[in-house]
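Open your viewer and get ready to select some residues. We will take the tour one stop at a time.

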Amino acid sequence: MPAWSRRLHRYRFRSVWLLDAPPAVVYAVLERAEAYPRWWPQVREVDPVDDRSGTARFRSLLPYDLTVVASERVRDPGAGVLEIGMRGDLAGWARWTVVPGEGGTRAVFEQDVEVRKPLLRRFALLGRPVFLANHALMMRAGRRGLAAWLARG
């Protein structure tokens with residue numbers, strides 16, 4: 001695949017969530033991926049395959065689903081790191097880094113993926129700004145959902 005094509009279909013994201021809860025509590029919620037649909041509206045389902053992998057389906061504002069198989073790469077509570085590898089409609093990795101922050105926790109979400117879903121690849125050039133906005137909406141909703149979930153105690 002030519003380098004220009006890889007760049008066109010590749011996305012790198014970084015979001016910082018400041019949360020009013022201790023890092024250990026936030027980490028404990030984030031490591032339970034099967035519970036994400038309870039607090040993150042765009043994570044529609046997570047089905048464990050075994051204790052280190054599962055399938056996940058996402059859908060935000062745009063009318064398409066993304067399905068991935070996620071496999072645990074790093075689970076380090078001491079460092080506050082959770083990382084998965086992904087394959088399917090997205091290929092790459094995603095990582096949470098959970099550390100103490102002002103008033104509670106600073107949770108950093110990073111993702112480096114290549115879109116593999118044919119429909120999204122077809123519209124990559126014209127759709128990129130819309131795809132980026134869609135992701136930003138998803139991340140805002142996730143942060144709000146997690147904050148509300150943590151507030152329930």
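Before the first stop, one term: a residue is called buried when its relative accessible area is under 20%, and exposed when that area is over 50%. Keep in mind, too, that this is a predicted model.

**Stop 1: helix 5.** Select residues 124–151, the 28 residues of helix 5. From the first C-alpha to the last, helix 5 reaches 38 Å, close to the 40 Å expected at 1.5 Å a residue. Now look along the helix for a kink: it is about 30° and is centred on V130.

Which residues of helix 5 are buried? Colour A124, G127, F131, N134, H135, M138, M139, A141, G142, G145, L146 and L150 to see them. As you look at how they are placed, remember that an α-helix has 3.6 residues a turn, so residues three or four places apart point the same way. Just after helix 5, click on G153, which takes a positive phi of about 75°.

**Stop 2: a residue across from the helix.** Go to R14, which lies in strand 1. Is R14 buried or exposed? R14 counts as exposed because its relative accessibility is 53%. Next, show R14 together with M139: they are 125 residues apart in sequence, yet 9.8 Å apart in space, C-alpha to C-alpha.

**Stop 3: the largest pocket.** Rolling a probe the size of a water molecule over the atoms shows where empty space is left. In this model, the largest pocket holds about 970 Å³ of space. To find its centre, select A56, F58, A70, I84 and M86, which lie nearest to it among the 46 lining residues. By class, the lining has 29 nonpolar, 7 polar and 10 charged residues.

Which elements should you show around the pocket? Strands 1 to 7 and helix 5 each supply at least two residues of its lining. Strand 4 gives the most, with 6 residues.

**Stop 4: strands 4, 5 and 6.** Select strand 4 (66–76) and strand 5 (81–88). These two run antiparallel and are joined by 8 bridges. Find A70 once more: its bridge partner in strand 5 is M86. Strand 4 and strand 5 form a hairpin with 4 residues between them, and G80 in the turn has a positive phi of about 75°.

Finally, add strand 6 (90–101). How many bridges join strand 5 to strand 6? There are 6, and these strands run antiparallel. One pair to click on is G85 with W93, its bridge partner in strand 6. This hairpin, formed by strand 5 and strand 6, has 1 residue between its strands.

Note on methods:
Residues are numbered from 1 along each chain as its sequence is written. This is a predicted model: local features need pLDDT of at least 70, side-chain atom pairs count only at pLDDT 80 or more; totals for chains, interfaces and linings use all residues. Side-chain values use heavy atoms; hydrogens and water are left out. The expected span of a helix is 1.5 Å times one less than its number of residues. The bend at a residue is the angle between axes fitted to the seven residues ending there and the seven starting there. Buried means under 20% relative accessible area, exposed over 50%, partly exposed in between (1.4 Å probe, protein chains only). On a 1 Å grid over the protein atoms alone, a cavity is a set of points where a 1.4 Å probe fits but cannot get out, and a pocket is an open set with protein on both sides within 12 Å along at least five of seven lines; lining residues have an atom within 4 Å of a point. Grid points are joined across faces, edges and corners, and a volume is the space filled by probe spheres set on the points. Ala, Val, Leu, Ile, Met, Phe, Trp, Tyr, Cys and Pro count as nonpolar, Asp, Glu, Lys and Arg as charged, and the others, Gly among them, as polar. Two strands pair if DSSP finds at least two bridges between them.
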